[in-house]
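Hi,

Here is the structure I promised to pass on. Have a look at it first, and my notes follow underneath.

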Amino acid sequence: MEIELNSMRKEDEVSLVLGNLFESYGYKKYLMSRFEEYSLYMENKDFLISDKIITFTDAGGKLMALKPDVTLSIVKNAKAEKGVRKLYYIENVYRPARNSPEFRESEQIGLEAIGDIDGYTVYEVTRLALSALAAVDKNFILDISHVGFVSALIEGLGLDYEANEEIYGYVTGKNLHGLRAAAARLGISDVALAALETLTSVSGTLSEGIEKARKAVMNDGMRVALEELATLDKALRSAAYYDNVRLDFSFVNDTGYYNGIIFTGFTPAVPRPVLSGGRYDKLMKKFAKDAGAIGFAVYVDEIVSYYSRKAEFDQDVFLEYAEGADISAVAAAADAIRAEGKSVSVGSAPLADGKYRKIMRFDGEKLTEVKNA
Amino acid sequence: MLNVALPKGRLADKTLKLLAEVGYNIDEITKENRKLVFEDSAGGICYFLVKPSDVTVYVENGVADIGVVGKDILLEYAPDVYELLDLKMGKCRVAVAAKNGYREDFERPLRVATKFPGIARRYYASVNRDIEIIKLNGSIELAPILGMSDVIVDIVETGTTLKENDMSVFTEITDISARLIACKASYQFKRAEIETLVSKLREVVK
């Protein structure tokens, strides 16, 4: 059967396309239970988008949670093995809607690669992120950043925790005036301030951005990070949608979990990220797993709110039958229209708010066109 | 087309004057009328006037690509936006004020009346002071006069209102001015337009 993507809801279309895409790259679907012990989330609540979780006590008296996230469960169950385990998931998660205290069930699609992560795996996952965004909207932007590059600069300044947090705030807010005022107050050197300013204002394609960022390199940590970005850039150049990739250090996921390359995806219709992910070896370490990991998630709930159904009509044809018409004759008439590849809704009268391309009437013997939009 | 959310009132007038200075056409918006949306199609910019505390809401939801908002609102609500420029106007301070002659009693929690519970809470947490917040929406000065609170945390511009009510500034918390903010998602797609506007404005607010 041929599937008509245009008549599907956006979220169904995206999960179908992404499922096929991930399978074709050798990622296996990971099915998980709806519940998980609450302690898993409590111990890693900074990793979650929100620390509000729906909990309940199970029959054995254990405190359980409706899962707010999938990555933690996958990491918890990861085994130490040779090679790279590649998984993807299409799961419902339970957490408050952004900017709202109400809980929501929302679909999340994502993939994880766990094991000996090398340059190729980083490239493959980034490329899949590009394809995933293209499935949502061809006119997308993928911002790439490197946690190590930013943290090596900021933590290399030798300031205390509070000052570091303040500087991170200016970098993620592209706040140059705040940065300058803080530099004067905290005694940050002119060289370091210049580097911070470069970091805050880097823009352009990935390769242009990397060239600009070179000026900011102040220590080995930054040099290594930039080399990783350059390796990824070189590999991605021949990939489709390379022009949609930007270097932007204003996205810094939690540095306690993420370490290397991270990325954030946007489409024009949605005012928040629709995809985010990156390298999270540090999370693996927290679970005492001796392996690297990289992955991303697509926030289908954000897509749902901003992309309406593309099709102009509910169905191509509404087939209205006369009272007492022979049922099998009605069915045969409808099947004949379906055989032309059209969708047909059959009933004794069309819905008042229904949108049909055509309304046909079947009197028991022949079809007549009543309305053609 | 760049969509700009401006806070109704004095700040909007000042911002429009700045925009006119760097060459944008603001004729239509400065006419006396009740319209809420104004378009300068030649300049590729569309303005709308909203309640000051709602500017961040319009920007976070992407219907406004950029907006002008007081730093007080940014500190209070901590919206997830870019803060691209200090417009250096609408300057004032957020301060703790009390009735003249007030002496703080450190043996009990401090009762604080304010429109900015977030800022007040953060400030007193930084000095390890136990407080009780009384959230008000206006005429904050009335609270200590009537004995509902010990102090207030509020915006102080000239200090005239405080003086007339026999009050004065106790401690300054932070300086405030108007900021140009941008929606993080819009910025990805309209970076060039936004950066052009920012660099033009940066020249005149020096």
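Let me start in chain B, with B:Val63, which you'll find in the loop that runs between helix H3 (55–60) and strand S4 (66–70). Keep in mind as you read that this is a predicted model. B:Val63 has a relative accessible area of 47%, so it counts as partly exposed, since that class covers the range between 20% and 50%. Together with B:Val57 and B:Tyr58, B:Val63 makes a nonpolar surface patch of about 240 Å².

Staying with chain B for a moment, go to helix H8 (residues 184–189), where B:Gln188 sits. Is B:Gln188 buried or exposed? Its relative accessibility is just 5%, so B:Gln188 goes down as buried, the cut-off for that being under 20%. The side chain of B:Gln188 also reaches a residue of chain A: a polar contact of 3.3 Å links it to the side chain of A:Asp143.

Now over to chain A, which has a small story about a sheet. Strands S2, S4 and S3 of chain A form an open sheet, in the order S2-S4-S3, with antiparallel pairing. Strand S2 (35–37) and strand S3 (55–57) are at the edges and have a single partner strand each, so one side of each has no neighbour in the sheet. On average, neighbouring strands here are turned by 40° against each other, if you ignore direction. As for the pairing of S3 with strand S4 (residues 63–66) in chain A, three bridges hold the antiparallel match. If you want one pair to click on, try A:Phe56, whose bridge partner in S4 is A:Met64.

Last, two backbone oddities in chain A. Both involve a positive phi in a residue that isn't glycine:

- A:Lys174 has phi near 45°. A:Lys174 belongs to the loop between helix H6 (161–172) and helix H7 (176–186), and with a relative accessible area of 5% it is buried.
- A:Ala288 has phi of about 55°. A:Ala288 is in the loop between helix H11 (281–286) and strand S11 (292–299), and it is exposed, at 71% relative accessible area.

So, of these two loop residues, A:Lys174 is buried, whereas A:Ala288 is exposed.

That's what I have for now. Shout if anything is unclear.

Cheers

Technical notes. Residues numbered from 1 in each chain as written. Chains lettered and ligands numbered in written order. Predicted model: local features only at pLDDT ≥ 70, side-chain atom pairs only at ≥ 80, totals over all residues. Heavy atoms only, no water. Pairing = 2+ DSSP bridges. Helix = DSSP H or I, 4+ residues; strand = E, 2+ residues; numbered from the N terminus. Axes fitted to C-alpha atoms, helices over the stretch in contact; angles between N-to-C directions. Patch = residues over 30% accessible without salt bridge, like charges linked within 9 Å, V, L, I, M, F, W, Y side chains within 5 Å. Areas by Shrake-Rupley, 256 points an atom, 1.4 Å probe, with all protein chains shown as cover. Salt bridge = Lys/Arg side-chain N within 4 Å of Asp/Glu carboxyl O. Buried < 20%, exposed > 50% of the residue type's maximum accessible area, 1.4 Å probe, protein only. Polar contact = N/O pair within 3.5 Å; in protein donor to acceptor, adjacent residues only side chain to side chain.
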